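Here is a structure to read closely. The turns below ask what lies behind each label.

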Amino acid sequence: MTSVTSLAPPATGNAPAGAAPQGAITDAKKRYAAGVLKYAQMGYWDGDYEPKETDLLAVFRITPQEGVDPVEAAAAVAGESSTATWTVVWTDRLTACDSYRGKAYKVEPVPGQPGQYFVYIAYDLILFEEGSIANLTASIIGNVFSFKPLKAARLEDMRLPVAYVKTFKGPPTGIVVERERLNSFGRPLLGATIKPKLGLSGKNYGRVVYEALRGGLDFTKDDENINSQPFMHWRDRFLYCMEGVNQAMARTGEVKGHYLNITAGTMEEMYRRAAFAKELGSVIVMVDLIIGWTAIQSISEWARANDMILHMHRAGHGTYTRQKSHGISFRVIAKWLRLAGVDHLHAGTAVGKLEGDPMTVQGYYNVCRERHNAVDLPRGLFFEQDWADIRRVMPVASGGIHAGQMHQLLNLFGDDVVLQFGGGTIGHPMGIEAGAIANRVALEAMVLARNEGRDILSEGPEILQAAAKWCKPLEAALHTWGSVTFDYTSTDTSDFVPTASVA
Amino acid sequence: MRITQGAFSFLPDLTDEQIAAQIEYALAHGWAVSLEFTDDPHPRHTYWDMWGIPMFDLKDAAGVMGELKACRAAHPDSYIRLSAFDSTRGWETVRLAFMVHRPKEEVAYRLQRTEGPGRVQHYSVVRA
């Protein structure tokens, strides 16, 4: 019998050089004799397997413990994320068990990272309930991340077959319909998170909303932890924010919105808050990622039934997305959220205060916005992905960005993004309205110049300075923040290209 | 008050040369350019009057600029917006829109309120 912790050398097919041949035991009598077998022997490794169009594919980065063979470790991941348990069970023989086994079909060393391997696994469509991210995640990430023979594991990417994608409704609104409702085309949308995020009364909070929207922003936003604390109960916040939103609409002739955060302790309370937002005429509500997959899909259903844009703040994701060796890549979270059905998703800034290598972040944006993702290893996309015409998610760039970076932001992300300047609006020396004007003028000047064929990446600073000559608020913004950068090395970068710096 | 709809309302009004450059950008993407006008640019007013159908298959900006000149002459006291429409699968919507003409006297709106139960107010944006 084999010890479960001394997983020794294995296999064939798509295995790294030097791996000893070893595969599934095909003699049923030996295969199902009571006891412990290697996962590869149990049929969770098939180096010759050709994934089917309808298979779900996953690539994990694994770091096996010392002495654990990578192919056997790959088979173990496939096993533990599908049907396997640690020992042979005869009850497998009551099923068409080969269909239910995840199949590890390729193992590759990670370039430049000794001891780490990319492991590719295919799962048959029958393993998954239609339209349930809860079921998908319970399968794919349910057990395997705690598995002792691995020091660390990270889910890097997934390919979701069209047959599976079509079981989800996806974003309730999507980029196209959101823009048609807002009547805004051809430029990034502008937003700001109200600051300070804790402590303002409803009346003072609504003042910031009004000033920022009147100044030229499209949206303002509750922060992730604004719910219903003693200093501002949620109904007060909703009432004053909508006063600010409507007043700004009347003063500018533009459709405006404030992301009312309806995150609460129970689903019942979230529905109550959502219903009040609707009664007050809000165009958008917001939830935090920490509410969980089932709550997200439920509120997405509600948003779809009530013509509401659904904003998703990815609160908490950094706990499992940031370190490359263990956890889940944000690109996978973004894929799950597009299926689950959100309209806005915080997806990084690259140039701001929060983690994000520029190309890796562009990979997230492509997951949100494209109809079809091609394989793009420098941007972290391991698989082709056909989105089956599911709507596009509007990415949101938020956190430590300012008007002086407008050329970089437009160059990195293009038009279909919400650029959120919280401190960069509210902290403006001439006031909140001036801060909003500075951002809007900088944005429009940059879009105009880009469309005229100018090279905004190199000419950006000049373009901003030229606009600042006639726009005092922009001049003051550039004076205050023009030299602020957050140029730290990213932790989560592609393994396939040298990391680009944003400076 | 200045109605700030469209991609470039916070910039000084675009010159004809600047407008032509934006049209060239749209045509380079294969988008069809169209003109619409209205005397009521209410934020929820979706269907402005069309100045003909979208100009499909144009090769350069001159054709649009000619139509814009005619539209301005016919409706000097209206707002005119230029839109560029993308018929690519999955978009099938406007990809760029901006104002190309404003009346001398801009329209103003104000907020009309109706008291509801509790502290709720129902708002309408109406002409000032």
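Q: Where is A:His346 placed in chain A?
A: A:His346 sits in strand β11 of chain A, residues 344-346. The model is a predicted one.

Q: Why is A:His346 called buried?
A: The cut-off is 20 or more other C-beta atoms within 10 Å. A:His346 has 24, so it is buried.

Q: What does A:His346 touch, leaving out residues up to four places away in sequence?
A: Its contacts are A:His313, A:Arg314, A:Val396 and A:Ser398. A contact needs C-beta atoms within 7 Å. A:Arg314, A:His346 and A:Ser398 are also among the positions that UniProt annotates as "binding site", in an unreviewed entry.

Q: Which other positions does that "binding site" annotation cover, and how do you know that they are spread out?
A: The unreviewed UniProt entry also includes A:Asn143, A:Thr193 and A:Lys197. The annotated positions span 256 residues of sequence, and their C-alpha atoms lie up to 37.0 Å apart.

Q: Why is A:Asn143 called partly exposed?
A: Buried starts at 20 C-beta neighbours, and exposed means 12 or fewer. A:Asn143 has 15 inside 10 Å, so it counts as partly exposed. This residue lies in the loop between α5 (133-140) and β4 (150-159) of chain A. Beyond four places in sequence, A:Asn143 touches A:Glu80 and A:Ser81.

Q: What makes A:Lys221 buried?
A: A:Lys221 has 29 other C-beta atoms within 10 Å. The threshold is 20, so the label buried follows. Its place is strand β6 of chain A, residues 219-221. UniProt lists A:Lys221 as "modified residue: N6-carboxylysine", in an unreviewed entry.

Q: Which residues does A:Lys221 touch, not counting those up to four places away in sequence?
A: Among them are A:Gly191, A:Thr193, A:His258, A:Met286 and A:Gln420. A:Thr193 is also covered by the "binding site" annotation from UniProt.

Q: Why is A:Ala15 called buried?
A: A:Ala15 has 25 other C-beta atoms within 10 Å, and the cut-off is 20, so it is buried. A:Ala15 belongs to the segment before α1 (28-31) of chain A. Its contacts beyond four places in sequence are A:Gly47, A:Val71 and A:Val107. A:Leu136 is 121 residues away in sequence, and 27 Å away from C-alpha to C-alpha.

Q: What makes β2 and β10 of chain A the edge strands?
A: Each pairs on one side only. The sheet is open, with five strands in the order β2-β3-β1-β4-β10 and mixed pairing.

Q: How do you know that β2 and β3 of chain A pair?
A: Pairing needs at least two bridges. β2(A) and β3(A), residues 117-123, have six, in the antiparallel sense. One bridge partner in β3(A) is A:Tyr120, set against A:Lys106.

Q: Which strands does helix α13 of chain A touch?
A: Helix α13 (residues 330-340) packs on the sheet, touching β4 and β10 of chain A. Its direction makes about 45° with that of β4(A).

Q: How many helices and strands does chain B have, and in what pattern?
A: Chain B has two helices and six strands. Along the sequence they run α-β-β-α-β-β-β-β. Its C-alpha atoms fill a box of roughly 60 × 40 × 25 Å along the principal axes.

Q: What share of chain B is buried?
A: Buried residues make up 30% of its 128 residues. Of the chain B contacts between residues at least 6 apart in sequence, 51% join residues at least 24 apart.

Key: Residues numbered from 1 in each chain as written. Chains lettered and ligands numbered in written order. Predicted model: local features only at pLDDT ≥ 70, side-chain atom pairs only at ≥ 80, totals over all residues. Helix = DSSP H or I, 4+ residues; strand = E, 2+ residues; numbered from the N terminus. Contact = placed C-beta atoms within 7 Å. UniProt positions renumbered as here; feature names shortened; annotations may be inferred. Axes fitted to C-alpha atoms, helices over the stretch in contact; angles between N-to-C directions.
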